[in-house]
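The exercises below deal with charged pairs and a nonpolar surface patch. Each task is followed by a solution in steps.

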Amino acid sequence: SQKLHNTTNIYNMQTMKQLILAATILLNNAPLGVQSFGIPPPSSLASRTSSSFETTIAGRARSTHNGIIIITKLYAEQEEEEDSSEVAKEEVTTDDEEYSPQLDDDDDNTNDQADIDATNQNVVKEEATALKKQLYQLAASYDRGFGATSKARNEADDIIERLAKINPTKDASRGIDGCGDGDGDGDDDVPLKAIWRMVWTSAFDVVSLGASPIAGPSAIYQDISEPPVATNIIDFIPRAQTLFPSSLVPPSLLRAEVKTRASVRSAERVGLIFESVKLQPVEFLGRKVNGLLPALNVDFTWPRTVLEQVAQYVPGLEGTIDGEENADALGYFEVDYLDEELLIIRQNAPGGVFALVKVDSCEP
């Protein structure tokens, strides 16, 4: 009986140690859950002695055996929730890491490309500005080409060729025939619509005007303010007026206007059909005579009208009178360069280039 009593005591002591060990683990890992069952947290237990600590835990462990089991379950559930949260965070982080760099790369590529495009545009604009400055200097030095040497013409041709390679306006003939597509408004739908004043030319038919001993060319315009009408304007002044001051030679001016009708031959080619020529005295010996003296008009439309009527009875001739079906028909110019201030065109026969700047008016 005494041996059996000692064995039972040993068994009880081992069980008590296991309970104490379990409670200690719970206290260290789940203090909130343990407090709800009346077991003090580790911070309050730390101030107690080892023997009193074991006695307190043993007593409460015996009275709350079921509570310890519940605490264990709560702790296990809490661990599962924390594990699930960690797994979810890792998945989200992984997704972000896999997706975000791609977005960043795309954004970086887009930004880099935009920077490259902007840089290229700035470089082209700077080059165009420098080339136009050189052309203007030649025009001022050699009287718009009338007094140009062979070297000056070659320099101007080289500048114009380089400008043509960076022409910012594509489909320059768009809307010149007065039949816009309706997608734009104002000048945006007709790039050539403006009044242009010549600053340089190498065209022989114009340069030769400067050789006249009677009158010389003054301002030269191309008025395309009302397409499809394109009017070439040349102001003539007496040769003496260019040699002597106005106090000795009162100013006089005669204006010649060549009216043409423009059409689209290709993206950069504009066809011209001559309709009339008018010679109008504007000023005579210092007095305005515009409207006082009659103008000389020559109309070129009536021969074409007769030909159009005849063409109705001649197979294959109808529709070719104005050169509309033939892009290489006589009377056209090519646009080499066009921006908001400068127009460079190249005429067919007899050849030559014209550089013109945009102006607000062509009033003499």
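R255 has a relative accessibility of 7% and counts as buried, because the cut-off for buried is under 20%. The model is predicted.

**Exercise 1.** Find the salt-bridge partner of R255, and state whether that partner is buried or exposed.

Solution.
- Step 1. The side chain of R255 forms a salt bridge with the side chain of D235, at 2.7 Å from N to O.
- Step 2. R255 belongs to strand β4 (residues 253-264) and D235 to strand β3 (residues 229-238), so the pair ties together parts 20 residues apart in sequence.
- Step 3. D235 has a relative accessible area of 2% and is buried.

**Exercise 2.** Determine which residue forms a salt bridge with R261, and classify both side chains by accessibility.

Solution.
- Step 1. R261 meets E275 in a salt bridge, with an N to O distance of 3.1 Å.
- Step 2. This pair links distant parts of the chain, with R261 in strand β4 and E275 in strand β5, 14 residues apart.
- Step 3. The relative accessible area of R261 is 26%, so R261 is partly exposed.
- Step 4. For E275 the value is 13%, so E275 is buried.

**Exercise 3.** Describe the contact between R269 and E334, and give the sequence separation that it spans.

Solution.
- Step 1. The closest N and O atoms of the R269–E334 salt bridge are 2.4 Å apart.
- Step 2. R269 lies in strand β5 and E334 in strand β8 (residues 332-338), so the pair ties together parts 65 residues apart in sequence.
- Step 3. The side chains of R269 and E334 are also joined by a polar contact of 2.4 Å.
- Step 4. R269 counts as buried, at 13% relative accessibility.

**Exercise 4.** State how many salt bridges a search of the whole structure finds, and name the residues joined into one network by shared partners.

Solution.
- Step 1. The search finds nine salt bridges.
- Step 2. K132, D339 and E341 form one network through salt bridges that share partners.

**Exercise 5.** List the residues of the nonpolar surface patch, and locate F300.

Solution.
- Step 1. The patch is made by L254, F274, L279, L296, V298 and F300, and covers about 490 Å².
- Step 2. Strands β5 (269-284) and β7 (296-299) each supply at least two of the patch residues.
- Step 3. F300 sits in the loop between β7 and α9 (301-311).
- Step 4. With a relative accessible area of 38%, F300 is partly exposed. This value fits the patch rule, because patch residues need over 30% relative accessible area.

Definitions and conventions:
Residues are numbered from 1 along each chain as its sequence is written. This is a predicted model: local features need pLDDT of at least 70, side-chain atom pairs count only at pLDDT 80 or more; totals for chains, interfaces and linings use all residues. Side-chain values use heavy atoms; hydrogens and water are left out. Patches are made of residues with over 30% relative accessible area and no salt bridge: like charges are joined within 9 Å, nonpolar side chains (Val, Leu, Ile, Met, Phe, Trp, Tyr) within 5 Å. Accessible areas come from the Shrake-Rupley method with a 1.4 Å probe; for residues, only the protein chains shown count as cover. A salt bridge is a side-chain nitrogen of Lys or Arg within 4 Å of a carboxyl oxygen of Asp or Glu. Helices (H or I, at least four residues) and strands (E, at least two) are DSSP runs, numbered from the N terminus. Buried means under 20% relative accessible area, exposed over 50%, partly exposed in between (1.4 Å probe, protein chains only). A polar contact is a pair of N or O atoms within 3.5 Å; within protein, one must be able to donate a hydrogen and the other to accept it, and residues adjacent in sequence count only if both atoms are side-chain atoms.
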